[in-house]
Amino acid sequence: MLATLDASNAGDACTLVGWVHRRRDLGGLLFLDLRDRSGILQVSVGPAWSSAEGLAAAQGLGAEDVVRVRGEIALRPEEARNPEMATGDIEFRAHDIELLNRAATPPIPVFRGPEDELPGEDLRLRYRNLDLRRRELQENLILRHRLILTARNYFDRIGFVEVETPILTKPTPEGARDYLVPSRVHPGEFYALPQSPQIYKQILMTAGFDRYVQIARCFRDEDLRADRQPEFTQIDLEASFVEPDDILAWIEGLMAEMAAVAGVEAHPPFARLTWAEAMERYGSDRPDLRWDLELHDWTAAFSDTDAEILQSIIGSGGRVRGLRLAGGARLSRRQIEELEGVARKAGAPGLLWAKGSAEGGSGPLARWMGPGHWDATGAGEGDLLLVAAGPDGMTSPALSAVRGAVIRALELPKVREHAWLWVLDFPLFEEADGRLYANHHPFVLPHPDDLDRLEFDPLSVRGLAYDLVYNGSELGSGSLRVHDPALQRTILSLLGLSAEETEQKFGFLLEALASGAPPHGGIALGMDRIVKDFLGAPSLRDVIAFPKTTAARATFEGAPVPVAEGDLADLGIGLREPTGALKGAEPRDPE
RNA sequence: GGGGCUGUAGCUCAGUUGGUUAGAGUGCCGGUCUGUCACACCGGAGGCCGCGGGUUCGAGUCCCGUCAGCCCCGCCA
């Protein structure tokens, strides 16, 4: 490894291999920066120590050529040392140079000068092998490797067994769209790629693998985001005879070890909020607690208001909630309008605001406010109130979005650099289109205190579920699971599944639960997000070797692609609109 | 499915109100150069202005459509 060499190696004769990173030809003297995974070492080529063939070979080299150099490690002359460079005290005096493989002039540069911008992301993905030669991406992937290794060692040490589960699985009726895989042997029938190993790991519990872990690849056919890829990696685990605190403690221990590897601070035990507290104080189920700004409920204070709009909202069960920003009055009208835009985008009809001033205040809300209201909100001169009124389902997401925006607008100081948080007791169900949906998935164990309300007030039932949140990013999600087949049937029927559907779709799970299933629970952590957030990288693409584009394409190899009619026929598949399926990705080198 | 931003030389970008022959840096090619390290200097090649249509005497520039990349909403049990 080139960059592990230093002055102590001076005088060593050896052979080095690597890529030509850059060439500086001074005429009589010529320098090559030789690169490998470890870094860069300067190779100097000159008539005093290089063969005529070596000189000639060096003159013909270009960026990214692969070479083998025979020579000797030497201390650089005092005045030619480069303190900016890890190997800047030494150089490699080449005797002979052998070109192992010529590189075409790279379409995107691997070398990046101090003021060079990165090439466009489309090109970086199209020529991913070149992009991956850059030190930054190499370090990201190496950190990822070390984090996975840390996790595997950690779980091995505390008695977990890694078990692989199938990639060809059964389609799931709820949740994300499945990637489907046609069966050749059974034309017209399909496997699905797993959205997670959820059911398999529960079945492993019934099989007696009481501590299971897997670095599992998962697939969801949904639209992408900067923090969402269609295939991703989870640290997936499940254990029998556990309480939530067991899982939380294990994960806190894991995160402390992984964070240490990445140079991130994580000091268990982590903060805990119930879901209800998180929604009340931050309007979000994954609040970023690097800032301590909280929402307030001023419904009581405004119950006597003359503002008809507030009166009618309060009268219909809505609440008046908002943020108080010390010194926020310095925000301009225009900046506040931008915050209103943020609130509207998050579903609020608007945002009421008031600036506190010596004259009594200004802004649309201020005209409805008397001294009692100012006292109740605690706002004084120079402060800003941002208020939303309505049902919690509207004000929470709106004010959460405003909270984030105003933190940026006012550049509020962080109270901590690394904010770890558990969010507990999520509702078991949510309601949409007049029916129930599982909030997390249908296997979450209801909170024992709420069990008696399951059938007549299901929306009030909490689950024994927990999310791990780091700096406002959801890193993991888990729960205790239902192990009683009767309870599981009840929950599936609440979700609208008939007895027949239940048997057809989940019969194998229910059968396993009826075979002597231990109480069990687990969690799944988003491996890609952990690496991304530990690095502070802007996108998951920076921590995945071969990511997909936002349109779920792999542009390096060019997937997906249309397939030949005959291949489809073998699978019993006919295309409805063959022309539509044939547009798009073209093979890269169609020879 | 919807909204937004971007697309000009291999790469990163500039290009005025629509007006002559579309520029810069870098890379590439050729040359000079013995201590460079973003080497320096001299010379050169390199353009379907993403693609298609429209408006106009005239379009890189305006309009419509489309493709690609990115960000967001929906979606992500």
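This report describes one mixed sheet, two cavities and one pocket in a predicted model.

## The eight-stranded sheet

Strands of a sheet pair through backbone hydrogen bonds, either parallel or antiparallel. In this model, eight strands make up an open sheet with mixed pairing. Their order across the sheet is β6-β9-β10-β21-β20-β19-β16-β11. The edges are formed by β6 (161-162) and β11 (271-274), each of which pairs on one side only.

Strands β9 and β10 run antiparallel. Nine bridges connect β9, residues 211-219, with β10, residues 231-240. One residue pair can be named here: A216 has Q234 in β10 as its bridge partner.

A helix also packs against this part of the sheet. Helix α5, residues 198-206, lies across β9, β10 and β21 (520-526). The angle between α5 and β10 is about 25°.

## Enclosed cavities

Rolling a probe the size of a water molecule over the atoms shows where empty space is left. Over the whole structure, the search returns two cavities of 30 Å³ or more.

The largest cavity has a volume of about 60 Å³. Its lining consists of L125 and R128, together with F546, P547, K548, A554, T555, F556 and E557. By class, the lining of the largest cavity contains five nonpolar residues, one polar residue and three charged residues.

The second largest cavity holds about 30 Å³ of space. Lining this cavity are F426, P427, L428, N439, H440, V444, G463 and A465. The lining of the second largest cavity has no charged residues; five of its residues are nonpolar and three are polar.

## The second largest pocket

The second largest pocket has a volume of about 660 Å³. A total of 27 residues line the pocket. Those nearest its centre are H21, I40, F111, R112 and R135.

Several secondary-structure elements contribute to the lining of this pocket. Strands β1 (13-25), β2 (30-36) and β3 (39-45) each supply at least two lining residues, as does helix α4 (135-157). By class, the lining of the second largest pocket divides into 13 charged, seven polar and seven nonpolar residues.

How values were computed: Residues are numbered from 1 along each chain as its sequence is written. Chains are lettered from A and ligands numbered from 1 in the order in which they are written. This is a predicted model: local features need pLDDT of at least 70, side-chain atom pairs count only at pLDDT 80 or more; totals for chains, interfaces and linings use all residues. Side-chain values use heavy atoms; hydrogens and water are left out. On a 1 Å grid over the protein atoms alone, a cavity is a set of points where a 1.4 Å probe fits but cannot get out, and a pocket is an open set with protein on both sides within 12 Å along at least five of seven lines; lining residues have an atom within 4 Å of a point. Grid points are joined across faces, edges and corners, and a volume is the space filled by probe spheres set on the points. Ala, Val, Leu, Ile, Met, Phe, Trp, Tyr, Cys and Pro count as nonpolar, Asp, Glu, Lys and Arg as charged, and the others, Gly among them, as polar. Two strands pair if DSSP finds at least two bridges between them. Helices (H or I, at least four residues) and strands (E, at least two) are DSSP runs, numbered from the N terminus. Contact means heavy atoms within 4.5 Å. Axes are lines fitted to C-alpha atoms, for helices over the stretch in contact, and angles run from 0 to 180 degrees between N-to-C directions.
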